[in-house]
Amino acid sequence: QPQTGRLALYLLGLRATCPPAEPHRRLVTWLKYHLEEDWTGSRQHGHPLTSYYQYGLGVLALCVHHKRVREEVPRRLLAARHHGRLGHGGTAVDTEAVVALAFTCLERRGLVGAQLAGELREAAREVSRSMAEAQGPDGTIGNIYSTPWALQLFLARGVCHMEPAYGRAVAALLDNLDAFGTAATMAQVLPVLHGHSYLDIASMHCGEEPDTLTPIDMEPPAEVPGNKMVRLVVECPQPWCSELRLYDQQVPVPAAASLLDVLRVATTQEPRFTFDTQDTPQGPFLTQVLGLEARQQKRNYWQLLSAPGTPLVMGVADYIPRDGETLILRLSEW
């Protein structure tokens, strides 16, 4: 499996630390290799082996490192966006923003021909406009985690002063800073709070950067005493299952338990309950419940809901259920 996204994030972080000389040139070459390996998945499935998010992140990282890509590479992303293949909900916002950032970088850096540059500029403008129109009443764009990506696009395109959506989205981030508890989510939101996007990494003047990377002592979070009861429901609608509700049980857990902890306790409480997760930069992603696997090829995923039907904006490892809350894992289509 290509490591496109992970290698892209590593190279973006490496460039941001102003490394001496270029010890990372071999890694850039590896990223180019993974980008091509990733696309071999399209011959069988019609999409990269990883995802369009990771593929777009790879193009962005190469551009930030001032590396040209074959024009076929951004044209693949243009075609995917034209045919509506870039995801669902907050995932679509993440992917479209990353892809549009890559487009903006290639166009601004002059790494593609004039005709393609015009197409990329227009596509990025359309994505920016659609994100402003998709802003919710709470100020988020997609969800709280996809909002920083949308704001990075506004910043990269220099349209913040023209977008009322920008100020409302920043206010939503400031009201929900506790949601950004992992290194990956912090890396997305911190540049925005300082008025920057990942594109700014490409033009950093490293000689002017002070060495401020000093370790700090982190105190472990205080334990929350007591226990709570969480009702766990698994739903599988047609056409995947003939019966909608496959599982419905009360699960006793410690008061500080996350949804992931609830799932783990459920496996010990009833052997037939099983689940699997996949590690991502944003934390564990639920891929299988009760033997039913969500697959990108089938365009389905495990949606996390708080009853009766409120989508969770956090992942399984970050969401802390309330005592007496009913959580629904629903196999859904995107």
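A residue counts as buried here when its relative accessible area is under 20%. F180 has a relative accessible area of 6%, so F180 is buried. Keep that cut-off in mind, and keep in mind too that this is a predicted model.

## Aromatic rings

Let's stay with F180 for a moment. Across the whole structure, a search turns up 8 aromatic pairs. One of them brings together Y145 and F180: the ring centres are 5.6 Å apart and the planes stand at 70 degrees, so this pair is edge-to-face. The two partners come from distant parts of the chain, 35 residues apart. Y145 belongs to the loop between helix 7 (114-133) and helix 8 (147-157), while F180 belongs to the loop between helix 9 (164-175) and helix 10 (183-193). Y145 is buried as well, because its relative accessible area is 13%.

Now for another pair. The rings of F273 and F275 have centres 6.5 Å apart and planes at 45 degrees, so they count as tilted. Both F273 and F275 are buried. There is also an aromatic cluster made up of W39, Y52 and Y55.

## A residue in the loop before helix 8

The loop between helix 7 and helix 8, where Y145 sits, also holds I141. Is I141 buried or exposed? Its relative accessibility is 0%, so I141 is buried. Leaving aside residues up to four places away in sequence, I141 touches V93, M131, Q135, S146, T147, A150, F154 and A169. Take V93: it is 48 residues from I141 in sequence, yet the C-alpha to C-alpha distance is 7.4 Å.

## Helix 10

Helix 10 comes after the loop that holds F180. Which residues of helix 10 are buried? They are A184, T185, Q188, V189, P191 and V192. These residues span an arc of only 160 degrees around the axis, so they lie on the same side of helix 10. That fits a simple rule: an α-helix has 3.6 residues a turn, so residues three or four places apart point the same way. What do the buried residues of helix 10 pack against? The answer is helix 4 (52-64), helix 8 and helix 9. After helix 10 comes G195, with a positive phi near 75 degrees.

## The disulfides

How many disulfides does the structure hold? There are 2. As a reminder, a disulfide is a covalent bond between the sulfur atoms of two cysteines. Here they are side by side:

| Disulfide | S to S distance | Angle about the S-S bond | Hand |
|---|---|---|---|
| C63 and C105 | 2.0 Å | about -95 degrees | left-handed |
| C236 and C241 | 2.0 Å | 80 degrees | right-handed |

The C63 and C105 link ties together distant parts of the chain, with C63 in helix 4 and C105 in helix 6 (residues 89-108), 42 residues apart. C63 has 0% relative accessibility, so it is buried. C105 is buried too, because its relative accessibility is 2%. As for the other link, both C236 and C241 are buried.

Another cysteine worth a look is C160. Its relative accessibility is 18%, so C160 still counts as buried.

## The sheet

Time to turn to the strands. An open sheet of 3 strands runs in the order 3-4-5, and its pairing is antiparallel. Strand 3 (275-280) and strand 5 (292-293) are the edge strands, each with a single partner, so one side of each has no neighbour in the sheet.

Strand 3 and strand 4 (residues 283-289) are joined by 6 bridges in the antiparallel sense. Across this pairing, D276 faces Q288 of strand 4, and D279 stands opposite P284 of strand 4. Helix 11 (residues 259-269) packs on the sheet, touching strand 3 and strand 4, and its direction makes about 150 degrees with that of strand 3.

Strand 4 is mostly covered, with 5 of its 7 residues buried. On to the pairing with strand 5, which is antiparallel and has 2 bridges. Here Q288 stands opposite E293 of strand 5. What do strand 4 and strand 5 form? They make a hairpin with 2 residues between them, and L290 in the turn has a positive phi of about 50 degrees.

Technical notes
Residues numbered from 1 in each chain as written. Predicted model: local features only at pLDDT ≥ 70, side-chain atom pairs only at ≥ 80, totals over all residues. Heavy atoms only, no water. Phe/Tyr/Trp six-rings, centres within 6.5 Å; stacked < 30°, edge-to-face > 60°. Helix = DSSP H or I, 4+ residues; strand = E, 2+ residues; numbered from the N terminus. Buried < 20%, exposed > 50% of the residue type's maximum accessible area, 1.4 Å probe, protein only. Arc of directions from axis to C-beta. Contact = heavy atoms within 4.5 Å. Pairing = 2+ DSSP bridges. Axes fitted to C-alpha atoms, helices over the stretch in contact; angles between N-to-C directions. Disulfide = S-S within 2.5 Å.
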